[in-house]
Amino acid sequence: MTASPAAPGVPLPVVLAGARGHGRWHVENIRRLQAQGLVRLVGVCELTPLTEDEFGGELPEQSADFGALLDSTGARAAVICTPIPTHTDLALAAAGRGVHLLLEKPPAPSYAEFRRMADGVAAAGVACQIGFQSLGSHAVPAIRDLIAEGAVGRVTGIGGAGAWVRPEAYFRRAPWAGRRRLDGVDVVDGALTNPLAHAVATALALDGSTRAEDVAGIETELLRANDIESDDTSCVRVTTVRGGSVTVAATLCAERADEPYVVVHGTSGRITFWYKQDRVLLQRADHGPEELRFGRTDLLENLVAHLRDGAPLLVTPDDTGAFMQVVEAIRTAPDPAPLPDDAWRRVPGEDRRVVPGVDALVEAAADRLSLYSELGAPWARPAHHHLPKEVSTR
């Protein structure tokens, strides 16, 4: 991908689409990079304009029309943090104007929409970074090096575990939250595709299977304790073309919140990576356990470095193709099954539903590379098998 270089020493003018919710994190991050002279926030796109109090300072230009805002501000880059179904059209609106992109995860709600976005961005010749922040962790290449050196022997599989707590209000925070479709359009919100998407993407990255054509088959078990359309307790097993197995289990109905992690199983040890903390535990035969901590490269900072100095992008659209195969498998699977009433309970005074025993199940799935049904969960139903369609390998 050839991106026109950014002028050294001149802050890159950036527009942010979606400044509320998770977008607030981007506001703070852009401010941090602005203080370093790397970027300048020139516009905010929101359907309802922000107030200065909400924004926490003097506002840049605002508009509900993303394309018009890119034109009027002369933005060179855009950060898109809007509802999942809007990603492709907004990305293509920016690409058509030669504006480079940081696009929040998941990049699209279906594989077809992802291809439309990725092909359009490539044809426009703009740089596009997908916002899987965990893939900016310096732990990822370090773990790949440990695997390549045989630190834990032959890899037998990679597990991922995410036991999170979310109140029922979480699924009411936006019209698309907890939905598989909205007004006939795919949304595919769900534990594995949105809040714990990083566990899936990071596990695939450690397996070295990030591209769409790296996926041979996918099994899904999608369930829900909450009164929603999408899954809140689910697991997926990806079989890769090179014969690897990546199994990720997630719930938003945990008994207690825990740090999500990815674990590499080897014939003579294991590597556990708590990806939000950039923390790694290396356990191997004939050695004491070693805990390692890493820094991480911010993805917007990396995009700026790419435009200025030609630094390689850390998360290109093609690097998320395998993740998008998982999204597609979840999209085309039968709708998540409601858990029986006796499988969950409400937590008094906390507005949330808990599935007793699910924390241990999530951990066991990552440890044994097994699905809930294989672990004997009485409420699980047999896996739905998905074979990816032929994918273009441009």
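**Entry 1: the annotated stretch**

I began with residues 15-132, where the chain is 41% helix and 20% strand. I took the C-alpha atoms at the two ends of this stretch and found them 19 Å apart. I am working on a predicted model, and I read its values as such. I chose these limits from the UniProt record, an unreviewed entry, which places the feature "domain: Gfo/Idh/MocA-like oxidoreductase N-terminal" at residues 15-132.

**Entry 2: the largest pocket**

I looked up the largest pocket next and noted about 1,400 Å³ of space in it. I counted 45 residues in its lining, and I wrote down Arg20, Gly21, His22, Cys81 and Glu104 as the closest to its centre. Which helices each supply at least two residues of this lining? I listed helix H1 (23-35), helix H4 (87-95) and helix H8 (299-309). Of the lining of the largest pocket, H1 gives the largest share, three residues. I then sorted the lining by class and got 21 nonpolar, 14 polar and 10 charged residues.

**Entry 3: cavities**

I searched the whole structure for cavities of 30 Å³ or more and found three. I followed up the second largest cavity, with a volume of about 50 Å³. What lines the second largest cavity? I recorded Phe132, Leu135, Ala201, Leu204, Ala205, Thr210, Asp319, Thr320 and Phe323. The largest share of this lining comes from H7, with three residues. By class I have six nonpolar residues, two polar and one charged in the lining of the second largest cavity. Phe132 is in this lining, and residue 132 is also where the UniProt feature of Entry 1 ends.

**Entry 4: helix H6**

I turned to helix H6, residues 139-148, and asked which of its residues are buried. I found Ala139, Val140, Ile143, Leu146 and Ile147. I then looked down the axis of H6: the buried residues fall within an arc of 120 degrees, so they line one face of the helix.

What do the buried residues of H6 pack against? I noted one helix, H7 (197-207), along with the strands S7 (155-163), S13 (261-266), S14 (269-274) and S15 (279-284). H7 thus appears twice in my notes: it packs with the buried residues of H6, and it supplies three residues to the lining of the second largest cavity.

Last, I checked the backbone just after H6, where Gly150 takes a positive phi of about 80 degrees.

Conventions. Residues numbered from 1 in each chain as written. Predicted model: local features only at pLDDT ≥ 70, side-chain atom pairs only at ≥ 80, totals over all residues. Heavy atoms only, no water. Buried < 20%, exposed > 50% of the residue type's maximum accessible area, 1.4 Å probe, protein only. Helix = DSSP H or I, 4+ residues; strand = E, 2+ residues; numbered from the N terminus. Arc of directions from axis to C-beta. Contact = heavy atoms within 4.5 Å. UniProt positions renumbered as here; feature names shortened; annotations may be inferred. 1 Å grid on protein atoms, 1.4 Å probe; cavity = no way out; pocket = protein on both sides within 12 Å on 5 of 7 lines; lining within 4 Å. Points joined across faces, edges and corners; volume = space filled by probe spheres on them. Nonpolar A, V, L, I, M, F, W, Y, C, P; charged D, E, K, R; others polar.
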